There are 2 protein chains.
Amino acid sequence: MKRAALVAIGDEIVAGLTTDTNSGWLAGELRAVGVEPVAGFAVTDDEDAIARTLERALEEAELVVCTGGLGPTADDLTTACVARLAGRPLVMHEESLAHIKGIFRARGIEMPANNRKQALVPQGCTVIPNPTGTAPGVICPVERGGGTRYVACLPGVPREMRRMAGDTLVPWAAARNPGRRFVSRVFSTFGLAESKLDELLAGVVDPAEARLAFRAAFPRVQARLTVSGAPGEELEGRLDELEARVRERLGTHLYAIGDEGMEETVGRLLRERGMTLAVAESCTGGLIGHRVTDVPGSSAYFLLGVATYSNAAKERVLGVRAHTLREHGAVSTQTAEEMAEGVRRLAGAGLGVSTTGIAGPGGGTAEKPVGTVCIGVAWEGGIWSRRYDVGDRGREWVKGMTAQIALDRVRRHLLGQTEEALSAEAGGVRPA
Amino acid sequence: MKRAALVAIGDEIVAGLTTDTNSGWLAGELRAVGVEPVAGFAVTDDEDAIARTLERALEEAELVVCTGGLGPTADDLTTACVARLAGRPLVMHEESLAHIKGIFRARGIEMPANNRKQALVPQGCTVIPNPTGTAPGVICPVERGGGTRYVACLPGVPREMRRMAGDTLVPWAAARNPGRRFVSRVFSTFGLAESKLDELLAGVVDPAEARLAFRAAFPRVQARLTVSGAPGEELEGRLDELEARVRERLGTHLYAIGDEGMEETVGRLLRERGMTLAVAESCTGGLIGHRVTDVPGSSAYFLLGVATYSNAAKERVLGVRAHTLREHGAVSTQTAEEMAEGVRRLAGAGLGVSTTGIAGPGGGTAEKPVGTVCIGVAWEGGIWSRRYDVGDRGREWVKGMTAQIALDRVRRHLLGQTEEALSAEAGGVRPA
C-alpha cells in the first residue's frame, strides 16, 4: 500500500461553498506513515458521478479515502456506491446500529427511521467505529488493477473524521505498508514568519537523513521533521538528536514539541508552578478565557476572566482610573497595566494578563490605527506592558494574534524570560 | 457551456501542505454566471498525471479550469500538457514576452532565460493577460465529446488568478452560456438534527422546481434551496415563494436567512431594539463573549463579559449567594439566575445571560453528568432559567452547544418567544 487518493464528496464542496480541509489533513497523516498521496478528487452528491470518481481514484492508488456522504439523508450515497463498486451487498452491522440507537437513547429520544441506514455496510468490509457520532466508517476491499485495492469511507465532519482516521484508518494503513516506517516530530513556534523559520533552520538537517517541512497554522508556525527507516530501526533516537539541534536554533520562539496550543503550554506551566491566572480582555472579548478553558482541568488554575468592552466596565469592574482612560485612552499600556493588576486583585490570582486594542474595522486613528494593541502582565510585586502593531488584517486576525501574544507573554513570564517575544520579522507583528 | 470542472495542479496541494482555495473561489464565480461546477481534481506536478486528469475533467464538463503549474521552472508543465492534449504546437506570444521582459526591466534586471517559456502558448488559443505577474493564462479549445470544449489555465497565486479570472475568464464564460442561471438561498436553523430538518422539509419543494440540500455546520444546521432558469426569468420571486413555505415548516427553529451566525442575529436584534447585553460564563469560559465580539460594531451593545470559573469569583464578582452555591451547587438553575442578574446589574445592561455546566471530561456525577448545563436570562423585571443535557461529547462540543443555546435564548427573548428553544429531537440537546 504505497499510494493514496483522496475523494471529497458533497455538493457544497464542488460548488465552493465549503472548503475541503479533510483531504489535506488526511494526506499529511497518510504521508507520515509512508503512504504517498497522489491525487485528489471532489465530487457532487450524485450516484453516477461518485461511481465514476471512485473508479478513477482506484486507477491512481491502492487506497482511496472518501470523506462525506455518510449522513442519514437521501443525498448521502457513499456507502451504497462503494458496495456496488465492490460487488458486495449491504448488510446491517448490528454493533453500529446498537451504537446509533444508544446515542439517541442517551438523548432520551427514539432513533429516527432514516438513521438506520447509517448502520448498513458492504458485506465483508472492516468497520471503523465512530466514538463521537452516528455514522461508522468502512474500509472495503475491491478487486481492481489485478489485485485487491481498498476504498475507505469516513464522515465529512472534521472532528469525527480525524478521530476515526487517527484511531483506526491510519494505523491500519501503516500496518500494510511494505517496509519503511516514518516518524515525525512537530515543533510549534510563535513569533517567527514561516520564511524566517526556514532561514533559521537552513542546513540544520541533511536532506538525506531527514525531511523538514513547514506549516503556518495560525497563529502558530510549525516545523516538522520526518525520518524514515526499516522496521526495528531506532528512529526516535535519531529524532532526539535532531531535536537538540533544532532547539538550539529556535531558542525561545519554540514553545512546544508537538501540536500543542499555547493555552496548553501555559496551562502546563501554571500547574507545575501551582500558580493561578486571571484575564482582563478588551479587544479579544473573551477569546483568551475561551482558549484557556478549552484545556481539560483548567479550573485548577483559571480563576476569572473579564471582558470589559466599555470604559464604564473597565472602571467599575476592574478599577481602572478615569484619569488613566482620559489621559492615555483605553488603548494604552497604562490602561493595560491597570486592567491586569485590577483583574489579578479582583480574582485573588497570582498572575493577571490583559489586552486592549483596536480590532477594527472601525475605531482606528492616525496615532492608533486598527491593529494597535497593548498587553499587560501583573504579578505579586511587579508589572509589565507593551504596545504592539499586529497589522490591519481583519478582526479575526487582530483578536487571534493579540490573544496569542498575551498567552506567550504569560509563558515567558512563567519561564523567567524577559526578552522580547516578537522579533521584527514576526510576520507583521512588532512592538510599536 | 453549462458545466465546469476545476483542476488544482501542484505537489504541495496533493500532499496536503497547501490548501487549495482557488477551486472553491472559481466555483463560486462560475456558478454565479450559470456555469455549474460539477467536479474537482487535484494533481501532482507530473506530466502524465496532469494529462490523465485533464482528460477526466473534459469527460465531465465543457469548461475545465486549471490553476497552478505556469511558473518558469522545470516542474511547471501545465501549458505544454494542454498544447499536447489539444494537438496544437506551442508558439511564442510576443505580446506576453514583451510584458514579461518589461516586468524584469522595471526591476532593473535582465529576464532570466527560463522565464521565456512562460510566453509560450498553444497556437490559436485565447491569451488571458496577467496584469500583476509574469505568466499569462490561456483558454485553449480542444475537440472532445463530439464538439469543442475548453481548457483554461490560470496561475496558482490566488491574487493573480482572481484578477485574471475576474477580468477575462468569467466574462468570457458568461458570454458563452446558452441560458440557465442558478440562484440559491440558505436557511440557518438551530435546535434540529439534520435528519429532523430533512423530515420537516419533506415534500416542501417539487424536485423539478428546486433542489434542496442540507448541511450540518456545527452548531447550526442549514438547508439550501437552489432554483435555476433562463436569463431574465424571475428567480428571486420563485425563491421568495419557496421561502414562505420553508418558514412555515421551520417556525422558530429558523433563525436567519443566509449564512449568518447566531451572534450576528443576536447583534442585529440588540441593535434594532437599542438594547445592551452582559454575559456571565462559567463552563463556556469566554466563548460567548468571544463570539459576540466577533461581530464588527459589537461595542455598541456588548458591555461586559465575565468568566467566573471558581465559586469564589461567582460570589465576589457577581454576587451569587454562598447559600445558593451550597444548597443547589454551582451547576443549578438557581446559580444561573443569580449569575445572569448579577452580571446585568454589574454592567448596567438591559439583558444578562449566563451559563454554568459541566464541560468534562472530569467533574460529572450521577445526578449531574458531563453535559449538564444551566442557562439563565435576566432582564428588567424578569428572569428565566432552564437545565439542559447536551450530552457528553467532548469539551469542545459542550462549550459550543451551551454558547449556542444561550445565544438562542437571548434571540428568543428579544423576539418575545417564550416557548422552548429545543424540541426533544434537537440532536442531542434537551431540557433536563
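**Exercise 1.** In which sense do strand β14 of chain A and strand β14 of chain B pair, and over how many bridges?

*Solution.* The model is predicted.
Step 1. Locate the strands: β14 covers residues 302–308 in chain A and residues 302–308 in chain B.
Step 2. Read the pairing: the two strands are antiparallel and share five bridges.
Step 3. Take one pair as an example: A:Thr308 has B:Leu304 in β14(B) as its bridge partner.
Step 4. Turn to the contacts between the chains: 66 residues of chain B are in contact with 66 residues of chain A. On the chain B side, these divide into 31 nonpolar, 22 polar and 13 charged residues.

**Exercise 2.** Give the strand order of the open sheet of 12 strands, and find which strands stand at its edges.

*Solution.*
Step 1. Write the order: β6(A)-β7(A)-β8(A)-β3(A)-β1(A)-β2(A)-β2(B)-β1(B)-β3(B)-β8(B)-β7(B)-β6(B), with mixed pairing.
Step 2. Find the edges: β6 (126–128) of chain A and β6 (126–128) of chain B each have a single partner strand, so one side of each has no neighbour in the sheet.
Step 3. Add the twist, which averages 20 degrees from one strand to the next.
Step 4. Examine one edge: β6(B) is joined by three bridges to β7 (residues 137–144) of chain B, and the two run antiparallel. Within this pairing, B:Ile128 has B:Gly137 of β7(B) as its bridge partner.
Step 5. Place a helix against the sheet strands: α4 (residues 78–86) of chain B lies across β1 (3–9), β3 (63–67), β7 and β8 (147–154) of chain B. The angle of α4(B) to β7(B) is about 25 degrees.

**Exercise 3.** Is A:Gly137 buried or exposed?

*Solution.*
Step 1. Place the residue: A:Gly137 belongs to strand β7 (residues 137–144) of chain A.
Step 2. Apply the cut-off: a residue is buried if 20 or more other C-beta atoms lie within 10 Å of its own. A:Gly137 has 28 other C-beta atoms within 10 Å, so A:Gly137 is buried.
Step 3. List its contacts, leaving out residues up to four places away in sequence: A:Gly137 touches A:Ile128, A:Asn130, A:Ala152, A:Cys153, A:Leu154, A:Pro155 and A:Met164.
Step 4. Compare sequence with space: A:Gly137 and A:Cys66 are 71 residues apart in sequence and 9.7 Å apart in space, C-alpha to C-alpha.

**Exercise 4.** What span should helix α13 of chain A have at 1.5 Å a residue, and how far apart are its end C-alpha atoms?

*Solution.*
Step 1. Take the length: α13(A) has 15 residues, 333–347.
Step 2. Compute the expected span, which is 1.5 Å times one less than the number of residues. This gives 21 Å for α13(A), and its end C-alpha atoms are 21 Å apart, so the values agree.
Step 3. Check burial: 12 of the 15 residues of α13(A) are buried, among them A:Glu337, A:Glu338, A:Glu341 and A:Arg344.
Step 4. Look past the end: A:Gly348, just after α13(A), has a positive phi of about 65 degrees.
Step 5. Inspect α4 of chain A too: A:Gly87 follows α4(A) with a positive phi, near 65 degrees. Buried residues of α4(A) include A:Cys81, A:Val82 and A:Ala83.

**Exercise 5.** Where is A:Pro361 found, and which peptide bond leading to A:Pro361 is cis?

*Solution.*
Step 1. A:Pro361 sits in the loop between β15 (351–357) and β16 (372–379) of chain A.
Step 2. The bond from A:Gly360 to A:Pro361 is cis, with omega near 0 degrees.
Step 3. Repeat for chain B: the bond from B:Gly360 to B:Pro361 is cis, with omega near 0 degrees, and B:Pro361 is in the loop between β15 (351–357) and β16 (372–379) of chain B.

Notes:
Residues numbered from 1 in each chain as written. Chains lettered and ligands numbered in written order. Predicted model: local features only at pLDDT ≥ 70, side-chain atom pairs only at ≥ 80, totals over all residues. Helix = DSSP H or I, 4+ residues; strand = E, 2+ residues; numbered from the N terminus. Pairing = 2+ DSSP bridges. Axes fitted to C-alpha atoms, helices over the stretch in contact; angles between N-to-C directions. Contact = placed C-beta atoms within 7 Å. Nonpolar A, V, L, I, M, F, W, Y, C, P; charged D, E, K, R; others polar.
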